[in-house]
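Reader: Hello! I am new to this structure and would love a close look at one part of it. Could you take me through the enclosed spaces inside?

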Amino acid sequence: MVIALLVVGLLSLYSASFAIGEREYGNPNYFIVRQTIFALMGLAAMAFLMRLDYRRLRRLSVLLMAVSIVGLVAVLVPGIGVVRNGSARWLDVGPVEVQPSELAKLALVLYMSAWLSSRGEHIRDLSLGFLPFVVIVGLVAGLVLVEPDMGTAVVLVLVATTLFFLAGAPVSHLALFLVLGALVSYAVVLTHDYRLARVEAFLAPEADPYGKGFQLVQLKTALASGGLMGLGWGAGRQKFGFVPGAHTDGIFAILGEELGFVGAMAVLALFALLVGRGIYVALRVRDPFGRLVAVGVSTWLGYQTLINIGGISGLIPLTGIPLPFFSYGGSALIANLAAVGLLLSVSRHAALGEEGRTAFAEGRWAGGPRRRGT
């Protein structure tokens, strides 16, 4: 399913990006070549993590979280972080730019899974469970929010909240956290004009079709133009300067225009099956850490897909969050594929059983049953 999403994603990206690549870089293949390289790097990370015993990462979760926080702080430092369109989200690392907030998603899943699985009954305690949880999530999401990147911050909070609830937190603590999150979100929207404009565009995009509502109107136009079967690969028209971010967070609209309702629903079905399989893996795992990791990865991909497509279709306000495996961006694609590798590792070790996991850790398991006397 992941390979199918990746292949369709690369085809969609090429179709959505060749016009802007030619216009801005004089090379229609600019984006697809770079994204293919990122995809190969992501597949290598997926293969490595798939064969690695995921439990080894439990000890590294604190270090990974610390590195992510340092990266999130670094992008806010003038002269270090790369500012683009008013947002400081990237770091220059040699010939490429790294987006720490994408890597922070993977680090947060590992850290929260390790921390929550070690809390036991203390997770129900206000001072030992709820308050540390609020501090940890608030720190990471707050740094992302300052960049500003509200869409990623929302995904981080939703994934962490899901893990917190499934780890055994009482409903009262969950409700209190959701109320706090709603109040913070309300304040953030009111204190930033561009976020308030997005809400206004969501409520009435046709009221200002050439201003605040331009992006949403064009996204809906692209989706509607596809009809039932679509215009065909590469035949879409909205990517020629009409849809802002056609190769990034608006790529699903281009896909809908070219593959139609049938193609768009097929892609959604693949995402739904992927999330469903992830939840199935979680249900099979006895290890609390592995169970939370599987849920964290599955809900991360699921929430991000829903928020992206919900914004494009006008069901929720636009947030500018990428669509997993489709939108252009190396950090996001590598992080998504690495997360799938982690999920496969959990699934693989859950299927082995305790004896098989021990043999695998000692290097004696080669993918099949062991013969007697060996």
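Author: Happy to! A word on classes comes first: Ala, Val, Leu, Ile, Met, Phe, Trp, Tyr, Cys and Pro count as nonpolar, Asp, Glu, Lys and Arg as charged, and the others, Gly among them, as polar. Please keep in mind that this is a predicted model.

With that in hand, let us go inside. The structure has three cavities of 30 Å³ or more. Let us begin with the second largest cavity, which holds about 40 Å³ of space. Its lining is made up of Gln304, Pro322, Leu323, Pro324, Phe325, Ser327, Gly329, Ala332, Leu333 and Asn336. Sorted by class, these are six nonpolar and four polar residues, with no charged ones. Helix H12, which spans residues 330-361, gives the most to this lining, with three residues.

Now for the largest cavity, where about 50 Å³ of space is enclosed. Around this one you will find Asp249, Ile307, Asn308, Gly311, Ile312, Leu318, Thr319, Gly320 and Ile321. Here the classes come out as four nonpolar, four polar and one charged. The charged residue is Asp249, whereas the lining of the second largest cavity has no charged residues. Gly311 and Gly320 are both in the lining of the largest cavity, and Gly counts as polar. In the second largest cavity, Gly329 is part of the lining, while Pro322 and Pro324 are among the residues there that belong to the nonpolar class.

Terms used. Residues are numbered from 1 along each chain as its sequence is written. This is a predicted model: local features need pLDDT of at least 70, side-chain atom pairs count only at pLDDT 80 or more; totals for chains, interfaces and linings use all residues. Side-chain values use heavy atoms; hydrogens and water are left out. On a 1 Å grid over the protein atoms alone, a cavity is a set of points where a 1.4 Å probe fits but cannot get out, and a pocket is an open set with protein on both sides within 12 Å along at least five of seven lines; lining residues have an atom within 4 Å of a point. Grid points are joined across faces, edges and corners, and a volume is the space filled by probe spheres set on the points. Helices (H or I, at least four residues) and strands (E, at least two) are DSSP runs, numbered from the N terminus.
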